[in-house]
Amino acid sequence: IGYKPSIADPDVWMRPAIKANGFKYWEYVLCYVDDVLCISHNPKSTMTGIQSKFKLKDDKMEEPDMYLGAELSKMDNSLGDQCWA
């Protein structure tokens, strides 16, 4: 699916991407044992690619509420944009 492991951490996979408006950014997939977190404008596309090659627990993909023991939630930043914290 086009991701390459980072030099600093082989459990962090990345690839360049471009949003529909032309904005360039990096997509990331973080893997640790059986936890996978996709950071992307369109994470479902990446997770579907992963699911085609690997079995996901209960065949489910959903927004995270926890990763490696840390609680995650959506919030609005000072500009009013949604982000994760």
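Q: How much area does the protein chain expose, and what share of it do carbon and sulfur atoms supply?
A: Accessible areas come from the Shrake-Rupley method with a 1.4 Å probe, and for residues only the protein chains shown count as cover. Here the protein chain exposes about 6,800 Å², and 56% of that area is supplied by carbon and sulfur atoms. This is a predicted model, in which local features need pLDDT of at least 70, side-chain atom pairs count only at pLDDT 80 or more, and totals for chains, interfaces and linings use all residues. Residues are numbered from 1 along each chain as its sequence is written, and side-chain values use heavy atoms, with hydrogens and water left out.

Q: Which pattern of helices and strands does the protein chain follow?
A: Helices (H or I, at least four residues) and strands (E, at least two) are DSSP runs, numbered from the N terminus. The protein chain contains one helix and eight strands, in the order β-β-β-β-α-β-β-β-β along the sequence. Its C-alpha trace spans about 40 × 30 × 25 Å along the principal axes.

Q: What percentage of the residues in the protein chain is buried?
A: A residue is buried under 20% relative accessible area, exposed over 50%, and partly exposed in between (1.4 Å probe, protein chains only). Of the 85 residues in the protein chain, 20% are buried.

Q: Where is S6 found, and is S6 buried or exposed?
A: S6 is found in the loop between β1 (4-5) and β2 (12-18). S6 counts as buried because its relative accessibility is 13%.

Q: Which residues is S6 in contact with, leaving aside its neighbours within four places in sequence?
A: Contact means heavy atoms within 4.5 Å. With those neighbours left aside, S6 is in contact with V12 and M14. In addition, a polar atom of the S6 side chain lies 2.7 Å from the backbone oxygen of D9.

Q: How many disulfides does the structure hold?
A: A disulfide is a covalent bond between the sulfur atoms of two cysteines. The criterion applied is a pair of cysteine sulfur atoms within 2.5 Å, and the structure holds zero disulfides.

Q: Why does C38 form no such bond, and is C38 buried or exposed?
A: The closest cysteine sulfur to that of C38 is in C31, and because the separation is 9.5 Å, it is too far for a bond. C38 is buried, with a relative accessible area of 13%.

Q: What is the corresponding case for C83?
A: The sulfur of C83 is 17 Å from the closest cysteine sulfur, in C38, and is therefore too far for a bond. C83 is partly exposed, its relative accessible area being 26%.

Conventions:
A polar contact is a pair of N or O atoms within 3.5 Å; within protein, one must be able to donate a hydrogen and the other to accept it, and residues adjacent in sequence count only if both atoms are side-chain atoms.
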